[in-house]
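Student: I should like to examine one part of this model in detail. Please begin with a single side chain and work outwards from there.

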Amino acid sequence: MTSTEVAPGTANAGSAYVMNKNLGFLAMIISATGMGMVGFFARGAIAGLSPEIKQYMGGVLAFGRMATGLIGFIVILLVTKRWAAFRASRLSFAVIMGGVCIGTSLSLYITSTLLTSIANAVFLIYTGPLFCTLLARIFRKEKISLSNGIFLVLVFVGMLFTIEVLKFSGGSFQFGFDSSASTPEFPSKALGDLLGLLSGVFYGLALFFYGYRTDMNSDIRGTWNFLWAAVATGVITIMLRPQVSALTPTNWTWASGLFLFAGLIALGFLVIAGRNLPAVEMSCISYWECVVALLFGTFFFKEAMTFAAAIGGLLIIAGGVGPIIVEFFVKRRALPKAEEHWQEGEPIR
């Protein structure tokens with residue numbers, strides 16, 4: 001049975017787009033998985049480059065992600081014969097800013113994964129959903145149910161454990177995040193952490209803007225999204241003036257994987273999720289990316305999987321799948337009541 005909900009902020013119920021929440025859950029999981037692979041592909045794309053060169057490559061890789069997504073969506077529009085519908089669509093401030101913000105966020109995030117640990121980078125970008133939820137509550141009046149509030153807190157606490165901001169040591173809990181510390185592996189860790197935090201701010205803005213213009217079909221919205229994101233990352237690339245000639249064929253092969261899996265697939269499904277899920281539920285499920293990134297960091301780059309990180313991962317998974325489980329059981333309870341009223345000839349309210 002399809003789970004639906006009227007999108008917030010619409011003019012009237014008769015013309016409102018009805019959210020397909022099952023589709024939204026699936027799309028968000030796929031998107032978060034692809035996003036979790038960013039650090040894996042990005043590090044391969046800059047392998048062998050000097051530190052002075054690689055720290056400026058984030059814009060190039062982000063532009064490639066957006067350009068690949070844009071080409072893919074244009075092909076989809078042409079194959080499905082919806083190019084005319086795209087040209088006739090009404091562009092708005094929210095659509096433009098959604099693309100600009102996600103492009104800026106991912107450019108900063110990629111650079112962050114190159115300068116600090118993948119765990120730190122993914123935590124800092126995931127301050128974004130918290131900003132999004134707050135903005136949605138203030139400007140769109142989206143309500144935060146008790147269960148969704150609990151799940152959001154659960155995944156946030158899980159993230160604190162994951163990067164050991166919160167940990168259990170010496171018989172007591174300790175809290176602290178040292179953003180100034182550098183290591184032999186990450187000499188520019190402080191800069192990487194700062195860029196990661198900025199990526200979280202822009203990510204939250206992007207998620208917030210995705211909640212508007214739900215009247216626009218996903219393929220059309222995705223095309224506009226990639227177009228404006230490509231513009232934003234292109235401007236960033238021009239400003240940074242990276243040495244693209246330093247990239248080898250092997251580097252470009254890794255970059256191509258980033259463009260496809262973490263670009264077209266991940267961001268394309270993010271647009272679908274934004275049209276079919278309220279901000280709070282998107283925030284919860286999106287934390288699955290953190291688990292994916294942590295696993296790749298552990299198995300491929302030998303970043304240590306501590307006890308605290310393992311506990312954090314479990315909390316993130318629990319918080320991410322929690323809304324799906326609640327939705328499933330709520331619908332199962334509602335179905336017999338609806339059938340009973342129908343058989344008795346009573347109107348279903």
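Which residues does Thr-223 touch, not counting residues up to four places away in sequence?

Tutor: The model is a predicted one, in which local features need pLDDT of at least 70 and side-chain atom pairs pLDDT 80 or more, whereas totals for chains, interfaces and linings use all residues. Residues are numbered from 1 along each chain as its sequence is written, and side-chain values use heavy atoms, with hydrogens and water left out.

With residues up to four places away in sequence set aside, Thr-223 touches Leu-70, Phe-73, Ile-74, Leu-77 and Phe-86; a contact here means heavy atoms within 4.5 Å. Thr-223 belongs to helix H11, where helices (H or I, at least four residues) and strands (E, at least two) are DSSP runs numbered from the N terminus. Its relative accessible area is 1%, so Thr-223 counts as buried. The classes are buried under 20%, exposed over 50% and partly exposed in between, with a 1.4 Å probe and protein chains only.

Helix H11 also takes part in a salt bridge, through Asp-219. Such a bridge requires a side-chain nitrogen of Lys or Arg within 4 Å of a carboxyl oxygen of Asp or Glu. The partner of Asp-219 is Arg-82, at 2.5 Å from N to O. Arg-82 sits in the loop between H4 and H5, so the pair ties together parts that are 137 residues apart in sequence. The two ends differ in class: Asp-219 is buried at 16% relative accessibility, whereas Arg-82 is partly exposed at 24%.

That loop lies between helix H4 (58-79) and helix H5 (83-88), and Lys-81 is found in it as well. Lys-81 has a phi near 60 degrees, which is positive although the residue is not glycine. Most residues other than glycine have a negative phi. Lys-81 is exposed, with a relative accessible area of 75%.

A second positive phi near 60 degrees in a residue other than glycine occurs at Lys-141. Lys-141 is placed in the loop between helix H8 (128-139) and helix H9 (146-162), and its relative accessible area of 59% makes it exposed. Beside it in sequence, Glu-142 and Arg-140 join their side chains in a salt bridge of 3.0 Å, N to O. Both partners are buried, Glu-142 at 10% relative accessibility and Arg-140 at 10%.

A search of the whole structure finds 3 salt bridges. Another of them links Arg-213 with Asp-215, the closest N and O atoms being 3.0 Å apart. Arg-213 is buried, at 14% relative accessibility.

Arg-213 leads to the question of enclosed space. A cavity is a set of points, on a 1 Å grid over the protein atoms alone, where a 1.4 Å probe fits but cannot get out, and lining residues have an atom within 4 Å of a point. Grid points are joined across faces, edges and corners, and the volume is the space filled by probe spheres set on the points. There are 2 cavities of 30 Å³ or more, and the largest has a volume of about 70 Å³. Residues lining the largest cavity include Arg-213, Tyr-210, Tyr-212, Ser-218, Arg-221, Val-271 and Arg-275. Helix H11 (218-240) and helix H12 (249-276) are the elements that give two or more residues to this lining. H12 supplies the largest share, 3 residues. By residue type, the lining divides into 4 nonpolar, 4 polar and 3 charged; Ala, Val, Leu, Ile, Met, Phe, Trp, Tyr, Cys and Pro count as nonpolar, Asp, Glu, Lys and Arg as charged, and the others, Gly among them, as polar.

Phe-151, in helix H9, offers a second buried site, with a relative accessible area of 14%. Apart from residues up to four places away in sequence, Phe-151 touches Cys-284, Ala-318, Gly-319, Gly-322, Pro-323 and Val-326. Phe-151 and Val-280 are 129 residues apart in sequence, with their C-alpha atoms 9.1 Å apart in space.

For the chain as a whole, there are 15 helices and 4 strands. Of its 349 residues, 51% are buried. Among contacts with a separation of 6 or more, 83% join residues 24 or more positions apart.

Key. 1 Å grid on protein atoms, 1.4 Å probe; cavity = no way out; pocket = protein on both sides within 12 Å on 5 of 7 lines; lining within 4 Å.
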